[in-house]
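Trainee: I would like to go through the helix packing. Please give me the reasoning behind each label.

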Amino acid sequence: MDKIKIRFEKMTLKKAMILIFIVTVCLICALSSSAVFFFSHTQRELLDHRPIRIKNSGISSQMREDGSYNVYVDNSQVELLPLAGRQKVLYIGCYAGMIGLPVLFILTGIVMGSKIYYKLKIKKPVDELNRAIQNISDKDLDFTINCSSTDELGKLCSSMELMRAQLLESNKKQWDLMQQRKLLNESCAHDLRTPITVIRGYLDYMERANNNGMLVSDDISETISDMKEAAVRMESYVDCLRDIERLDRIPVNAGSTEVVQLIKEIRNTAENLNTSLKITVSENCKCRVICTDKLLLERIIENLVSNSVRYANDEIRIELSDDNTYLIVIVADDGTGFSNTDIDKAVTPFYSSSKDSAHFGIGLSICRILSEKLGGDLLIANNKNGGASVRVRIKK
């Protein structure tokens, strides 16, 4: 029974409707034929058992040798009497049954066939779709659409489930983007406050000194120099902020890239860094050609290597590998590694554990944004033997 139900669920709506129609018609024909046969047989029985009347001239007799009589009836003298009142009503009722029951069977078959078709093929997917639409209208995407049918409505449920999952993923990305914007705004407000405070403090000092007649040329030169330095830092900070904003609008131009050529360009990038550090590049890729935006990938690797140069002691290692879905790039160094705070906040824009004012802490955040644009992600960790390690996955 379960196998029949499963096969019926997998049928298309058209085939299921035709099957139910054929079965319903067959049942109606069988029941109607049985009803007509039964009532016609009943009518024959009523007619066969009607009383008869024989005229006197229609009966003759003949004595047998044993003294008994043979009675002969002239059929032409036999008259069939009409049916009695009850029998007549029953006879006419048989006509009503022969007409009424088939009509009742047809109507019942249509209703029952429709109910069975609706219950087995339409009700569940429609209920799931209505529930999904209601949840989506209530902005609740934390649900699943369960429909085992593979017919047209089942495929529609599958498409709706796919749309729900994509919408949920889009909302999560939008939420993450809003959180990043919030952190970015908080970071801007925090980091811009320092140079603004410096400039404002110098301006207040110059105003007071000028009012008191104590402003001298040396003080003016020194103050202007400090204010210029603060203004340059503000300008650099705003430029970095603009660069991050532009990342969201950078188009992804995917194309075929040979892994050998990518390794060659990574080596060239490492050699152009003009560093005394030892930089080794290793590769263990099964796929020899990947499909991605090579320029964005090179920018990611360049940022990671440049970031490692600032913290490495003697060596930087660049490792390339892949799996069925991703190209994996690992850039590791032998420096002090990440602190617990760094691991939590290192990919946040404008976070930096370095006291060097020339760096604004956007390198890893740029790498994370670009890796996500290429369908991957970024993960930071510490090596077992010490030093930092950044792993980037890119969809190939």
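Mentor: Start with α2 and α3: their crossing is right-handed, meaning that the near helix is turned clockwise from the far one by less than a right angle (anticlockwise would be left-handed). This is a predicted model: local features need pLDDT of at least 70, side-chain atom pairs count only at pLDDT 80 or more, and totals for chains, interfaces and linings use all residues. Residues are numbered from 1 along each chain as its sequence is written, and side-chain values use heavy atoms, without hydrogens and water.

Trainee: Why is α2 called roughly antiparallel to α3?

Mentor: Helix α2 (residues 13-48) and helix α3 (residues 85-137) cross at roughly 165°, and their axes come within 9 Å. Angles over 145 degrees count as roughly antiparallel, under 35 as roughly parallel, 65 to 115 as roughly perpendicular and the rest as oblique. Therefore α2 is roughly antiparallel to α3.

Trainee: What makes α6 oblique to α7?

Mentor: Helix α6 (residues 259-271) and helix α7 (residues 294-311) pack at about 40°, with axes 11 Å apart. That angle makes the pair oblique. The crossing of α6 with α7 is right-handed.

Trainee: Which residues of α6 and α7 meet?

Mentor: From α6, L262, E265, I266 and T269 meet K294, L297, E298, I301 and E302 of α7; contact means heavy atoms within 4.5 Å.

Trainee: Why is α9 called largely enclosed?

Mentor: Eight of the 11 residues of helix α9 (residues 363-373) are buried, so the rest of the structure largely encloses α9. Buried means under 20% relative accessible area, exposed over 50%, partly exposed in between (1.4 Å probe, protein chains only). Among the buried residues are L364, C367 and R368.

Conventions
Helix = DSSP H or I, 4+ residues; strand = E, 2+ residues; numbered from the N terminus. Axes fitted to C-alpha atoms, helices over the stretch in contact; angles between N-to-C directions.
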